Structure formats: structure tokens, C-alpha cells
Amino acid sequence: MGSFSAGHHVLGAALVLSTFIVHAYEYTAGALKIVHPFAVVSTPGATTGAAFIERIENSLAQRDRLVRVSSPIASKVLLHQHETTSSGVMKMREVAYISVEGGANTDVGKSSGYHLMLHELRKPLVAGDRIAATLYFELAGPVEVAFVVAPATSESAINPHQHKH
Ligand SMILES: [Cu+2]
């Protein structure tokens, strides 16, 4: 159940992304450019939410790493990756960091399977809200951003994670 809905929310996010491209916004921190961080509307009563970053551009030759994320809206934010096993089952796992390779773009959600899980939400994620957060990079240090909550455009887009840790 958990893994099934996880797959759905990632797909939903990808659909939302295409409608948001016109309103792209970005944050710069040293050699890094954080382009279009966004979250997905949470369902009523949900205590977890999901957030994504369209891409992180790294203009240095050196690799950086996103090692931690914090936000006042959630008691903790975990870095997650989902992957499909050889038997075709979608699995979620927490990762210690997300690599941002030098001279390349890294996405958090679109094709990488990475996403950010907001645990124990203090309030629901409502479309249009800006969720303050701090991204901590190994080299670039802390970066203040806002995740804009994307409106749900389909049932799959509002399907949150239900998996437990
Ligand atoms: Cu997850």
C-alpha cells in the first residue's frame, strides 16, 4: 500500500510540473542554482507530505551533496528515494544524501526517484502556500528556499505517502 501510493504521488508531481514551468523560480547559492522547489497539496488529515526540486544546477567541477533539509512546517524532513526492484515492486528508502554532480543538473523527483518527505506536518499543505525550508549542502552550506505548494490537478497528484517508518 505504502509503496503503491508513493509511485502515484511521484507521477502526480511530474504532471503538476509541466503546468508550472511558466512560473519557474530559482535560488542561487555559490555554484548551485536551486530551480523550482515545490510541494504537493496534502490530503485532509494527512500527517506527511512530499516535496520536490525540479533541478539543482551545479556549475562547479566538484560534486556537492544535499545532506539535510529542515522546515518549520514539519517536525522532520527526510531524504527519500524510491526504486523498482527486479520483481517489479516499488520500494522507498531513506538516503543519507542526494549527490549533485559537478557540471551537471540533478533533479529531485522527476527522473531520479528522489523526493523529500515532510513528517508530522504542523499544518496542511494548501495550494499556493510557500513553505519555508533550509537545504543544507556539504559544500555550498545552508540555502534558504520556499517550496511553493502546487495545486492538485488530478487524483494522483494529491495522493500522499502513507508508508510508515
Ligand atoms: Cu518517501
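Which residues touch the most other members of the largest nonpolar core? In this predicted model, where local features need pLDDT of at least 70, side-chain atom pairs count only at pLDDT 80 or more, and totals for chains, interfaces and linings use all residues, they are Ile34, Leu135, Phe137 and Phe147, out of 40 core residues. Numbering runs from 1 along each chain as its sequence is written, and side-chain values use heavy atoms, with hydrogens and water left out.

A nonpolar core here is a set of buried Ala, Val, Leu, Ile, Met, Phe, Trp, Tyr and Cys residues joined through side-chain atoms within 4.5 Å. Buried stands for under 20% relative accessible area, exposed for over 50%, and partly exposed for anything in between (1.4 Å probe, protein chains only). Strand β11 (residues 141-150) is the top contributor to the core, with seven residues. As for Leu135, leaving aside residues up to four places away in sequence, its contacts (heavy atoms within 4.5 Å) include Ile34, Ile53, Val145 and Phe147.

On the whole-chain level, there are one helix and eleven strands, taken as DSSP runs (H or I, at least four residues, for helices; E, at least two, for strands) and numbered from the N terminus. The helix comes ahead of the strands in the order α-β-β-β-β-β-β-β-β-β-β-β. Half the story is inside, so to speak: 50% of the 165 residues count as buried. Among contacts with a separation of 6 or more, 68% link residues 24 or more positions apart.Strand β2 (residues 32-40) has eight of its nine residues buried, so the rest of the structure largely encloses this strand. Strands count as paired if DSSP finds at least two bridges between them. With β1 (residues 26-29), β2 runs antiparallel over four bridges, one of which matches Glu26 with Val35. Two residues lie between the strands of this hairpin, and Gly30 takes a positive phi near 60° there. Strand β3 (residues 49-58) is also antiparallel to β2, through seven bridges, with Pro37 opposite Ile53. The pairing of β2 with β11 is parallel and has three bridges; Phe38 partners Val148 in that pairing.

Strand β3 also holds Glu54, which counts as buried because its relative accessibility is 10%. The Glu54 side chain makes a polar contact with the side chain of Arg55 at 3.3 Å. Such a contact is a pair of N or O atoms within 3.5 Å; within protein, one must be able to donate a hydrogen and the other to accept it, and residues adjacent in sequence count only if both atoms are side-chain atoms.
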